[in-house]
Amino acid sequence: MSLWRSRRKRRPVLLSLLVAWAVAMAAYAGAVTLLSPEAADPALSGAGVQVQSTGTGGASAEGGQNPAISADGRQVVFQSKADLPSLTPLHARAAASGTWRVYARDRVNGITTLLSDPAVNSTAPSVSADGRRVAYRVTTRLLQGLNRATTVVVDRDVSAGGTLDRTGNVKASDFADAAPELAESFPGLCGQDCGPRISADGSTVVYPSLTSPVSTDFVVTVAKDGGSIPTQLNTNLIDLNAVTGTAVYAHSDVPVSVIVATRSVVPGQTTADFTDRLTVQNPYGEASAFSVGPKTCDAFGTCRTTLTFDPAQGCPSGGPGQRWDRLVIDGPTSSGHSSIVLKADCGSQAGRAACGSQPGSDGFYDPGLSAADLARLPVQLGTQQTSAVSGTYINLGSQSAGHAFILAVPTRNLRGTVDFGTLDCQPIQLVDPGATARAAAAKLTGADSTAVPLNTQLDGTDRGTLYFLVNPPFVPPSVRDSDLSEQEPVFAAQLRMDADEHGAGQGSFALSVVSVRQIIEARRDTSSTGGFTPGPAELVSRGTYAGDNATELVDAAQPSVSADGRTVAYTRYGHPDAALDQPAVVTTTRGSTGTWSGGGLVPSPLSAAYDTDSPSLSADGSSVAYVRRPVPAASGQSAQIAVTSLKARSSVTTVSTNAEGTPGDGDSSGPVLSPDGRVVAFVSTAGNLTDDPGASGPQLYSRTVSDQRGIARIGPADVAGSAAGLSENGALAVFATAQSLLASDTNGQSDVYVREAPGQLTVKPSTVDFGTLPGSSTTPLGLPVTLSNAGPGPVVVTSAVPAAPFTYDASCVGQTIQAGESCTSAVSLTPGTSGTYTGVLRIEATTAGGDTALSAQVALKAQVTAAPAGPSTPVSPQPSASASTSGPPRVSNALAVLTPIPTVARPGRVLTVTGKGFLPGIHVNLTWGSFGPVDPVVVGADGTFTGYIDVPTSQETGERAAITAADGRGTLLAYTDLLVELPPMQPPSFKNRS
């Protein structure tokens, strides 16, 4: 059943809504630009900061998170729990109730629009390039602890007329209403970065999903046979001793039965039976001590079966202390297969798994991971719970394969001899995790961090800590996409306190964990008209495993999609060339038949010395930014942001550096590429990226990918994890922070801000020296001046005024110079009265939004000699040029073009220069810079030539240089600039994994 409900509107009501909308448009036009740029942080003062998590018309900020911005920089989407004054084309506003709502804000007219149902949690919005389509995640709480999650796409202009959010012209599409291709698909319960991503053209949505064996669409209850009140199962374990109230079972005891009931809570389908025949599965192929009877279902969708345990079968004399099996439920629900661990305690020792994994002589299991791998794992504190169905237990919940962790349980209140038994060998093991994990546990628990092995006698005091390695396995290669239900993904173990000389054991508990598979899916718009009609789910995360050439489903998270929806980057876990839990960034493309490739590593080949994750693609899919973490982590080695071209996957550029190229001295995360791939934003805790006294804690930085000098701090970040978003050319960055950046933001909550990224105007050369010119010449001589922008934001050149008698070709005036680019034009002088001439060329510019003024200047000098004796025509000095006055013609032929080969020069080498569009037969002098080597050439009959220039050995590397073409009278015909080979950069030094 869809979360979206259409409502009929009578014409007068619709008319009144349209009138109100029009009034709001008129009243609040331009409201955003009226916000004061006054910032609490001095480093951000006057930097074009605007708060976005406000109501229509700039109503006071009330909190917001998870922002994104359209490529054109106009539309900002975010989530907030506040009831913001807004247009409501889909759902009426509702008082704040603790639910997240998705809003869109138009930065031009200041109107905020509510795009989600305020009755349900809506999070992680993503927006198309034009702001027309918005995708977000919806989670609905159904019953105790149960959630239903889906993806929604809102088309804000169904008629494609160009005006957004008109009532009746907005449509929401819920993926839950689309026919799924995979029964196991369930976009919910994912670990990190659960939000959908919509392609810039609005055609494709990619999102993390689960193929999970544990269905959140079932409520399972258990009762003792004979009339006990049913108890809901809140974990994945049924303990028969707890249900029946029996301490231990003996071989001679009669069989005991419990009633297991399953009830579907799929919305709108409560009367349907979604379970197949319930079966019992033994992990070792042994005869099970459990059995199930026939299933019966009532009219309300509740199905019951009798589960029986036979102690004579499960508790043989001298046999193991526990019997482990699984109750398997097959059903075509949106989350597929379900299974529950069954346990019965027969006393004596716990009994280890039959698969051969046994503890060593030190009383610990072999974790199968190196000390370095163990040191990387997070540490969690185990919290015990008790229920009438599961006894005393620690529920570890759902865990994705490859996301191993250490569970720490202090020994206080435990009495007896430590014993341990498992259902399976590898997923849960008692280990000594090493010094790093023990130190982390000490801070977490406040208890003695000494690792406690098997057979230790405990007396209820703090004698150390029990450590469990929780490492749910990947699906083996033998399990194909079509038979995911064959997995055995619920695992359990028992920590048992056996009786010793102090008496009966006290404090035994069970542990259970569910292994889920997180994957990436895509759905494409199949509508021929407005709205977004989601097509069938496509499996995007596919690849191969070691020793298996078949392309299979792989575990994945954190998708990023290109503008056309045809390329996806994601983090893959369990790559065959990596350690078991090592994440790696891969990319995949969709072929003409609609199938996705097996994925390519970024960078390639994968280095065992690094983890890579959190990818962000450029719009054209040609480059990707990601986090690169040294493995193992060591002092002085931090996570860095890297950018790789997908055409040269082995080429890696570290971009989390300062202006001198030194990598950050703290961890960086959450990279986001601008759509054009020119600028990357990221969060970092490094303190050496900029000389900025206002930076403290996680900060958002923006940097030009091609120029390490172009780095700027944008503002403080909420957490070191997400950099939010960038507009097309990196001119605007949107982010969330709890720090107030405006005097008007006094709510003390995290709010969404947009800030204009600064640019950096530089000019080369710093001095233009025309040398000595004959006063008899009436021909103007032009020399090139190059304006460059290191970035990260664009720069707009507003004026360029030279001192008289110099003139300037104002072709760069009015131009926007993007980050990492330059503009070259000429400053000229026509010799006249003899004398020494000096002055400056003053260049004025602003950032793209006009919030910050920039300026630069070039020193000008020339020496004009006296004219020879005899009659001559006097030449008057040229008047000063300004931004609105054109100087002498820059070229004699507008079609003249110079092309250097190669486009990057090397000092001491010969550079080939070709020309075309010149007047046939004329003599041309090619000159390096102002006074460099000269090569005279003659233009051929077709207007082309080829010349050769010696690049001076003294030329400074890493700079831009110019080549000019002038005729015999010194008239500038054409020029071009090029980069001189960069000096070699030393990559950061990281030790390889031992």
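Guide: Helices (H or I, at least four residues) and strands (E, at least two) are DSSP runs, numbered from the N terminus. This is a predicted model, in which local features need pLDDT of at least 70, side-chain atom pairs count only at pLDDT 80 or more, and totals for chains, interfaces and linings use all residues. Residues are numbered from 1 along each chain as its sequence is written, and side-chain values use heavy atoms, with hydrogens and water left out.

Visitor: How many helices and strands does the protein chain have?

Guide: The protein chain has 994 residues, of which 56% are buried (under 20% relative accessible area, 1.4 Å probe, protein chains only). Its secondary structure comes to five helices and 66 strands.

Visitor: Which strands are the edge strands of the open sheet with the order β50-β52-β56-β54?

Guide: This sheet has four strands with antiparallel pairing (at least two DSSP bridges between two strands). β50 is joined to β52 (residues 781-789) by four bridges, and L761 stands opposite N789 in β52. Pairing on one side only marks the edge strands, β50 (761-764) and β54 (807-808).

Visitor: Which strand gives the most to the largest nonpolar core?

Guide: A nonpolar core is a set of buried Ala, Val, Leu, Ile, Met, Phe, Trp, Tyr and Cys residues joined through side-chain atoms within 4.5 Å. The largest has 30 residues, and F770 and L787 touch the most other members. Strands supplying at least two residues each include β50, β51 (767-774) and β52. The most, six residues, come from β58.

Technical notes:
Buried < 20%, exposed > 50% of the residue type's maximum accessible area, 1.4 Å probe, protein only.
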